[in-house]
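Visitor: I have a protein model open, and I would like a close look at a single part of it, with the setting explained before the details. Please take your time and explain each term as you go.

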Amino acid sequence: MMNDSYRHKGLRKLLVKEIQEKGIVDANVLNAIEAVPRHLFIVDDAFLEFAYKDKAFPIGAGQTISQPYTVAFQTQLLDLKRGEKVLEIGTGSGYQTSVLLEMGAKVFTIERQKSLYDKTKMLLPELGYQPKFFYGDGYKGLPLFAPFDKVLVTAGAPFIPEPLMEQLKIGGKLVIPVGENGIQVMTRITKMTENKYEKEEFGKFQFVPLLNEKAW
């Protein structure tokens, strides 16, 4: 089941080359994409041959495993340092989670779909990845474990949830796709002081929606 062959590794090298050509320059991000066996996250065998194409795929519960370029783009915006504490909203397949862990982050990840939460909570430790898993409403963040160095939202949000900004350390960054109707603007919020934030925008993307009040 957990087979990661030379062929898979070769395909990952090609995928890294492809996302590099699309503008991903952070060596740590590229190394993590090359290390994580994406084919092991794809639940439907029909998609296995496409595991190392730069595309998103369905993973059940109306969710997708994100396109590798999007994963790399969001991760690059985080400007992640080894040992930093990251809150991830939307565990999904656990692919993005694994990329963050591969980069040496301490990851706290929340998923609101029970079926995905259960599946990923079993899968990641089998692959050697050990984030802290939580089942709940990502809009609320994890106040008990705050503050975080970085917060990453992997679903499209109609607005920027206040609690996620509050749970950042001073100097911390939140990366979130913001917008409705299937198109979002990739947004990065940097917490400058206790109540002052800087906002930057990085182009349009398409994500599945971040749903509110779905758990706890």
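Visitor: What percentage of the 216 residues of the protein chain count as buried?

Guide: Of the 216 residues in the protein chain, 54% count as buried, where buried means a relative accessible area under 20%, exposed means over 50%, and partly exposed lies in between, with a 1.4 Å probe and protein chains only. Please keep in mind that this is a predicted model, in which local features need pLDDT of at least 70 and side-chain atom pairs count only at pLDDT 80 or more, while totals for chains, interfaces and linings use all residues. Residues are numbered from 1 along each chain as its sequence is written, and side-chain values use heavy atoms, with hydrogens and water left out.

The setting comes before the detail. The protein chain has 6 helices and 9 strands, which are DSSP runs numbered from the N terminus, a helix being H or I over at least four residues and a strand being E over at least two. Its radius of gyration is 16 Å, close to the 17 Å that the globule rule gives for 216 residues, so the chain is as compact as a globular protein of that length; the radius is taken over C-alpha atoms, and the rule is 2.2 Å times the number of residues to the power 0.38. Taken along the principal axes, the C-alpha atoms fill a box of roughly 50 × 35 × 35 Å. Among contacts in the chain with a separation of 6 or more, 52% are made by residues 24 or more positions apart, a contact being heavy atoms within 4.5 Å.

Now we can turn to the part I would choose, helix α3, which covers residues 68-78. In this helix 10 of the 11 residues are buried, so α3 is largely enclosed by the rest of the structure. The buried residues of α3 are Pro68, Tyr69, Thr70, Val71, Ala72, Phe73, Gln74, Thr75, Leu77 and Leu78. The helix is followed by Asp79, whose phi is positive, near 55 degrees.

Two of the names in that list carry aromatic rings that belong together. A pair of aromatic rings is described by the distance of the centres and the angle of the planes. Here, rings of Phe, Tyr and Trp (its six-membered ring) pair if their centres lie within 6.5 Å, and planes under 30 degrees apart count as stacked, over 60 as edge-to-face and the rest as tilted. By this rule the count comes to 9 aromatic pairs. The rings of Tyr69 and Phe73 have centres 5.7 Å apart and planes at 45 degrees, so this pair is tilted. Both residues lie in α3, 4 residues apart, which is about one turn of the helix. Tyr69 has a relative accessible area of 16% and is therefore buried, and Phe73, at 15%, is buried as well.

A second pair, outside this helix, makes a useful companion. Phe108 and Phe148 form an edge-to-face aromatic pair, 5.5 Å centre to centre with 70 degrees between the planes. This pair links distant parts of the chain, with Phe108 in strand β4 (residues 106-111) and Phe148 in strand β6 (residues 148-153), 40 residues apart. Both Phe108 and Phe148 are buried, and together with Phe134 and Phe145 they form one aromatic cluster.

Helix α4 (residues 95-102) may be read in the way we read α3, and Thr97 has its place there. The helix is mostly covered, with 7 of its 8 residues buried, namely Tyr95, Gln96, Thr97, Ser98, Val99, Leu100 and Leu101. Thr97 has a relative accessible area of 0%, so Thr97 counts as buried. Leaving aside neighbours within four places in sequence, Thr97 is in contact with Glu88, Thr91, Val107, Thr109, Leu124 and Pro131. Just after α4, Gly104 takes a positive phi of about 90 degrees.

Finally, strand β8 (residues 184-193) holds Thr193 and also Thr190. Thr193 has a relative accessibility of 34% and so counts as partly exposed, whereas Thr190, at 8%, counts as buried. Beyond neighbours within four places in sequence, the contacts of Thr190 are Gly171, Gly172, Lys173, Lys196, Tyr197, Glu198 and Glu200. Thr193 and Gly182, 11 residues apart in sequence, are 32 Å apart in space, C-alpha to C-alpha.
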